[in-house]
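New page in my notebook. I want to look up how the chain is built and then see what surrounds the ligand.

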Amino acid sequence: MHGPNLNLLGRREPDVYGSTTLEEIDAQLIAEGSAMDVEVETFQGNLEGALIDFIQASATRVDGYVVNAAGYTHTSVALLDALVGVGRPFVEVHISNVAARENFRHSSLLSARAAGVVTGFGPASYSLGLRGLVERLRTVGAGTGTA
Ligand code: DQA
């Protein structure tokens, strides 16, 4: 699940976020999921409420979430509440290394409740997050399915 402005990947601050588009990241994740026998569904939203609606609507059909909440990472109690509320594990990912950027990006409202956090590996952060989530789901025996 991708938060605000990530639809602009490839054009948005390429020095920070690289030249890979969101469509390329999604296609890569779907392929990597398939190789692990996992179905990956993708969603991008610019509105906090749209992300929350997606979480609530998808929770019964998914086993967990790989989440780049983008700017909402640092501000959204409501997004945290939605993720925790549906009771599915989630991995927080960031393309850039948020710890190496402005101070306001150093705090995340999601991290403390995430199964794990991956930050700074470019688009590969998503792949690593997906692998971590699948590993986690298989370890705790939550089964396969979409992630
Ligand atoms: C981001 C980092 C956030 O601080 C920022 O607001 C983003 C993208 C990342 O992937 O590096 O939009 O989540």
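What pattern does the protein chain follow, read along the sequence? I read α-α-α-β-α-β-β-α, with five helices and three strands in the protein chain. Helices (H or I, at least four residues) and strands (E, at least two) are DSSP runs numbered from the N terminus.

A note on what I'm looking at: this is a predicted model, where local features need pLDDT of at least 70, side-chain atom pairs count only at pLDDT 80 or more, and totals for chains, interfaces and linings use all residues. Residues are numbered from 1 along each chain as its sequence is written, and side-chain values use heavy atoms, with hydrogens and water left out.

Next I checked the ligand's neighbours, meaning residues with a heavy atom within 4 Å of it. Among them I found Arg12, Tyr17, His74, Arg101 and Arg105. The shell divides into four nonpolar, five polar and three charged residues. Here Ala, Val, Leu, Ile, Met, Phe, Trp, Tyr, Cys and Pro count as nonpolar, Asp, Glu, Lys and Arg as charged, and the others, Gly among them, as polar.

Then I looked for polar contacts (pairs of N or O atoms within 3.5 Å). A ligand oxygen is 2.8 Å from a side-chain N or O atom of Asn68. For Ile95, a polar backbone atom is 2.7 Å from a ligand oxygen. Ser96 has a polar side-chain atom 2.6 Å from an oxygen atom of the ligand.

Notes: Polar contact = N/O pair within 3.5 Å; in protein donor to acceptor, adjacent residues only side chain to side chain.
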